[in-house]
Amino acid sequence: MENLVTYIEGLPKAELHLHIEGSFEPELMFRIAERNNIHLKYESVESLRAAYNFTNLQDFLDLYYAGTSVLIYEQDFYDLTWAYLVQAKANNIVHTEIMFDPQAHTARGVSFETVISGINRALKDGEEKLGISSVLIMSFLRHLSEEEAFNTLEESISFRTMITAVGLDSSEQGNPPEKFERVFAKAIEYGFLTVAHAGEEGPPENIWGALDLLHVSRIDHGNSSLSDDDLIATLVESQIPLTVCPLSNLRLKVVTNLSEHPVKIMLDKGLRVTLNSDDPAYFGGYLNDNYIAIAEALFLTKAEVFQLAMNSFLASFLPESTRQTYINLLNDFQYSESH
Ligand code: ADE
Ligand code: ZN
């Protein structure tokens, strides 16, 4: 196993499902709160961490949105993003596709420009100083209205070149994909790619909705796809990727135990499944921790772990030539491992 851990740590990987607000470590949260003169409900880093004891998605989301409330200035968004990129480097992530939730900030009076400028400046530094390429995905909060999503979409147009795709996150229960069909149609008109969280806590119908109504290029999570044979066949045939998040699923009780996690079955069925950390500051691990935990729980072979890393590049929004460069890097690593 130690051998497999070293192998996982050495593999070049892409991360495709990462909420930048979910990478907000309590230490940084307290530091930014202090410099912004904001009082947090928790006394200390330890007592905040102790509250990360979730029974479902909504439990987590309540704390996650509360955590964002200390982010006010462009530098705050820079620091948040930079801290994630440093972790990404340590995890051998060479390419990352980062989601951000503008509405979590604009609803508090922080401008869209402040949010995206800080994130974007850090991403540029990440490329220059750490050699990590990135794309940004703007996610709509599905518990908010269609009108609010439309307003956010219109605001984003001034920053069109910084954003590759739009996504859909927050509370899946009671907020099905059809609520945002028209917003996504408009986003596609503007040239955005689309992704959506579906089948995390919700039924396979939400995955069908994401495919048929939101025209997504990827499904975020997709756990419930395994209960629908026609859906599996469609996902295998189209090779529409699933961005699966094992430690998130464990901490939000989507699975009761990692040994019951569906990712190995997904691989065996030929689904284009990838591993991701979702909200690493809240779920107890960055990308390598997710690979290691699931490989141990499901007794994955090196070949299966390699396939997951390969899928991360195949499922990315990279231009073809860069994708091939990364795949060559991965193949070179595999070659040097076996010789
Ligand atoms: N926002 C951040 N993490 C999320 C998750 N796992 N599901 C839905 N919305 C989210
Ligand atoms: Zn997510």
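Which exposed residues does the face of α9 turned away from its buried side carry? Keep that one in mind; the tour gets to the helix after a stop at the metal and a look at the sheet. One thing before you click around: this is a predicted model.

**Stop 1: the zinc ion**

Select ligand 2, the zinc ion, and show the side chains around it. Four residues coordinate the zinc ion: His17, His19 and His197, each through NE2, and Asp278 through OD, at 2.0 to 2.2 Å. Along the chain, the donors of the zinc ion follow the spacing H-x1-H-x177-H-x80-D. If you check the angles among the four donor atoms, you'll find 83 to 174 degrees, and the site is irregular.

Now color His17 and His19. His17 has 0% relative accessibility, so it counts as buried. His19 is buried too, with a relative accessible area of 4%.

**Stop 2: the sheet**

Switch to cartoon view and pick out the strands. There are eight of them in an open sheet, ordered β1-β2-β3-β4-β5-β6-β7-β8, with parallel pairing. Go to the edges, where β1 (13–19) and β8 (273–275) each have a single partner strand, so one side of each has no neighbour in the sheet. On average, and ignoring direction, neighbouring strands of this sheet are turned by 25 degrees against each other.

Next, zoom in on β4 (165–169) and β5 (193–198). These two strands run parallel and are joined by two bridges. Click Ala165 and you can find its bridge partner in β5, Leu193. Click Val166 and look for Thr194, its bridge partner in β5. While you're there, try a surface view of β5: the strand is mostly covered, with five of its six residues buried.

**Stop 3: helices across the sheet**

Select residues 74–90. That's helix α5, which lies across β1 and β2 (93–100) and runs at about 150 degrees to β2.

Then select residues 181–189 for α9, which lies across β3 (133–141), β4 and β5, running at about 165 degrees to β4. Show the side chains of Val183, Phe184 and Ala187, the buried residues of α9. Look down the axis of α9: its buried residues fall within an arc of 95 degrees, so they line one face of the helix. What do the buried residues of α9 pack against? Their partners are β3, α8 (146–156), β4 and β5.

Now rotate to the face turned away from the buried side of α9, and there's the answer to the opening question: Arg182 and Glu189 are the exposed residues there. Step just past the helix to Gly191, which follows α9 and has a positive phi, near 100 degrees.

**Stop 4: a proline in a loop**

Last selection: Pro262, in the loop between α12 (246–251) and α13 (263–268). Is Pro262 buried or exposed? Its relative accessibility is 10%, so Pro262 counts as buried; the cut-off for buried is under 20%.

Which residues is Pro262 in contact with, leaving aside its neighbours within four places in sequence? Show Asn223, Leu226 and Val255, and you have them. To finish, draw a distance from the C-alpha of Pro262 to the C-alpha of Gly222: the two residues are 40 apart along the chain, and these atoms are separated by 10.0 Å.

Technical notes
Residues are numbered from 1 along each chain as its sequence is written. Chains are lettered from A and ligands numbered from 1 in the order in which they are written. This is a predicted model: local features need pLDDT of at least 70, side-chain atom pairs count only at pLDDT 80 or more; totals for chains, interfaces and linings use all residues. Side-chain values use heavy atoms; hydrogens and water are left out. Donors are N, O and S atoms within 2.8 Å of the metal (3.2 Å for Na, K and Ca); water is not among the atoms, so sites may look incomplete. Four donors count as tetrahedral if all angles lie between 85 and 135 degrees; four count as square planar and six as octahedral if opposite donors are over 155 degrees apart and all others between 65 and 115; anything else is irregular. Buried means under 20% relative accessible area, exposed over 50%, partly exposed in between (1.4 Å probe, protein chains only). Two strands pair if DSSP finds at least two bridges between them. Helices (H or I, at least four residues) and strands (E, at least two) are DSSP runs, numbered from the N terminus. Axes are lines fitted to C-alpha atoms, for helices over the stretch in contact, and angles run from 0 to 180 degrees between N-to-C directions. Contact means heavy atoms within 4.5 Å. The arc is that of the directions from the helix axis to the C-beta atoms.
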